[in-house]
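Please look over the structure below. The report that follows covers the ligand shell, one annotated span, a helix, the nonpolar cores and the contact between chains.

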Amino acid sequence: MIELKNVKKTYPNGVTALNGIDIHIDSGEFVYLVGQSGAGKSTFIKLIFREEMASSGDIYINNRDLSTMKWKDVPHLRREIGVVYQDFKLLPKMTVYENVAFALEVVEESPRQIRKRVMEVLDQVGLKNKARFIPDELSGGEQQRVAIARAIANYPKLLIADEPTGNLDPDTSWEIMKILEEINATGTTIIMATHSKDIVNTIKRRVIAVEGGLVVRDQHRGDYGYED
Amino acid sequence: MDMKIRTFKRHFREGLKNTWRNNWMTLASVAAVTTTLLLVATFLVLMFNLNHVADALEEDVQMKVLVDLTADEDETEALGDELNALNNIESVEFSSRDEELEGLISSMGEQGDSWGLQDEDNPLNDAYVVRANEPQDTIEIAEEIEQMDSVERVNYGQDVVQNLFTFNNYARNIGLVLIVALLFTAIFLISNTIKITIMARRREIEIMKLVGATNWFIRWPFFVEGLLLGVLGSIVPISILTVGYYYLDQNAAAVNQFEFIQILPFYPFIFQLAAIILAIGAGIGIWGSVMSVRKFLKV
Ligand SMILES: Nc1ncnc2c1ncn2[C@@H]1O[C@H](COP(=O)(O)OP(=O)(O)OP(=O)(O)O)[C@@H](O)[C@H]1O
Ligand SMILES: [Mg+2]
């Protein structure tokens with residue numbers, strides 16, 4: 001499902017964030033991406049999402065070749081991928097319901113489908129009863145759950161999360177992890193960049209460690225491997 | 001582009017909403033469009049009328065080919081054939097020396113009569129009156145005719161015509177340059193005003209891109225907004241021009257002593273002008289608006 005071959009990324013300012021990455025991730029896997037600050041985790045995620053383009057090497061997502069992909073096809077790639085960020089990226093003036101519905105409007109779903117699906121995913125993240133709230137009226141964890149609901153609304157085959165628990169307290173983080181595990185159990189591939197030793201060492205999954213733009217460890221049921 | 005009606009409605013609603021929500025910016029943009037269009041419209045009125053007058057003056061330009069006094073009938077006829085054979089010629093008319101004299105006398109009015117010119121020996125030449133298809137070609141054609149046999153001279157008011165053409169060309173080009181410059185200024189102003197409002201909508205656009213919106217999906221509401229700004233901005237200029245031109249048209253006849261200078265009639269000119277202004281307004285609105293999102297789409 002995801003294949004990276006000798007991928008390098010040098011930003012226009014000359015910083016080389018990734019320096020020859022080879023990774024293969026199968027459908028349905030749950031992968032932690034760990035490594036110190038500046039190691040290149042976010043860069044990796046941006047390449048998958050085509051927010052940035054690789055300087056060299058090949059990237060295949062769902063059999064799409066990202067290096068030859070035309071700009072007009074990028075939206076279609078993104079519709080197959082859900083993203084969750086540390087800072088939630090919700091629209092502050094819209095209700096929870098509208099925030100999620102927004103993602104479906106963009107792909108021109110029918111209003112009936114939208115209503116049905118929004119309530120479905122809000123139920124999945126346990127926020128059905130807060131559909132009419134605006135983000136400011138929610139806790140951090142709840143906001144992140146809205147972001148996850150939005151990310152999975154369009155039935156993505158792949159969910160990528162860049163430090164989804166980065167702004168949350170431990171208890172709330174576990175809530176989020178439980179939801180991500182449930183999503184993974186339905187067959188969705190998940191890639192999650194994180195700094196949380198607790199999470200990685202407790203919920204044991206595949207761990208890919210990045211250092212200085214290189215994969216230094218790729219371990220099934222691995223450890224976090226760094227001191228906090 | 002197959003867009004669902006539902007999506008089209010959404011874009012329209014979003015465009016309206018944004019126009020309304022950013023009311024101060026909307027006002028600023030509309031003011032920019034209004035000012036520009038007023039200037040452009042005034043220029044257009046001037047230019048169209050100048051062109052109209054210039055065309056009329058140019059239409060009056062004709063060449064008088066004076067036939068050599070020594071030429072006999074055959075040679076005169078041969079010249080006529082040669083003139084008729086020219087390209088770019090609208091008409092050739094023969095005017096005998098007697099007709100020429102009559103024309104001269106009648107143009108002098110009473111004075112001509114009192115001089116008793118008709119009694120004396122007619123000193124004038126036979127002549128051909130030639131009109132060019134394109135008045136602007138007159139000078140060139142005149143030079144060509146002067147090379148022909150049995151031609152004494154070609155008169156077409158050389159100095160006046162040359163100046164007229166030069167002036168008209170300058171006026172047209174300067175007008176055009178000014179209008180284009182004004183339009184670009186307006187586009188720049190609008191795009192900058194909208195850019196300020198986009199900053200607030202930046203996050204929205206970012207998230208739209210995140211969830212896989214196409215660029216056109218994001219652009220359409222801005223397209224609608226630009227169109228709206230342009231149309232709103234053309235209301236005042238069109239109204240002012242309609243009223244102004246109506247008064248001008250009503251009073252022009254009274255003021256105008258030179259019959260050859262006639263402004264374009266109110267109807268249908270004002271409708272054409274309104275259509276042009278509306279189109280320009282919509283055009284710069286849309287362009288300015290769509291241009292301002294460009295930067296944010298490159299993610
Ligand atoms: N847009 C950019 N332009 C230039 N350099 C960048 C850009 N984004 C990241 N970098 C650089 O690339 C390197 C890797 O950054 P990246 O954000 O991928 O690290 P990270 O592993 O996500 O770090 P963190 O754990 O702090 O989020 C860093 O040196 C960073 O300064
Ligand atoms: Mg990062």
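## Ligand shell

By class, the shell around ligand 1 holds seven polar, four nonpolar and one charged residues. This is a predicted model, and the shell is read from it. Tyr11(A), Asn13(A), Val15(A) and Ala17(A) belong to the surround of ligand 1. So do Gly35(A), Ser37(A), Gly38(A), Ala39(A) and Gly40(A). Lys41(A), Ser42(A) and Thr43(A) complete the list.

Which helix gives the most to the shell around ligand 1? Helix H1 of chain A, residues 41-48, does, with three residues.

## Annotated span

An unreviewed UniProt entry places the feature "domain: ABC transporter" at residues 2-227 of chain A. In the model, residues 2-227 of chain A are 33% helix and 26% strand. The C-alpha atoms at the two ends of the span lie 29 Å apart.

## Helix H3 of chain A

Helix H3 of chain A runs over residues 96-106 and is mostly covered. Of its eleven residues, nine are buried. They are Val96(A), Tyr97(A), Asn99(A), Val100(A), Ala101(A), Phe102(A), Ala103(A), Leu104(A) and Val106(A). Just after H3(A) comes Glu108(A), with a positive phi of about 60 degrees.

## Nonpolar cores

The largest nonpolar core counts 101 residues. Val100(A), buried in H3(A), is among the residues with the most contacts inside this core. The others named with it are Leu33(A), Ala149(A), Leu159(A), Ile160(A) and Ile190(A). Helix H8 of chain B, residues 215-255, gives the most to this core, with eleven residues. Apart from it lies another core, of 15 residues. Val67(B), Leu79(B), Tyr128(B) and Ala132(B) are among its members.

What does Leu159(A) touch, leaving aside its neighbours within four places in sequence? Its contacts are Gly82(A), Val84(A), Ala151(A), Ile152(A), Ile183(A), Thr188(A) and Ile190(A). One of these, Ile190(A), is also listed among the residues with the most contacts inside the largest core.

## Contact between chains A and B

The contact takes 14 residues from chain A and 14 residues from chain B. On the side of chain B that touches chain A, helix H1 (5-21) and helix H7 (158-210) each supply at least two residues. H7(B) gives the most to that side, with five residues.

How does the side of chain B that touches chain A divide by class? Seven of its residues are nonpolar, four are charged and three are polar.

Terms used:
Residues numbered from 1 in each chain as written. Chains lettered and ligands numbered in written order. Predicted model: local features only at pLDDT ≥ 70, side-chain atom pairs only at ≥ 80, totals over all residues. Buried ≥ 20, exposed ≤ 12 C-beta atoms within 10 Å, placed from the backbone. Helix = DSSP H or I, 4+ residues; strand = E, 2+ residues; numbered from the N terminus. Core = buried A, V, L, I, M, F, W, Y, C linked by C-beta atoms within 7 Å. Contact = placed C-beta atoms within 7 Å. Nonpolar A, V, L, I, M, F, W, Y, C, P; charged D, E, K, R; others polar. Near = placed C-beta within 6 Å. UniProt positions renumbered as here; feature names shortened; annotations may be inferred.
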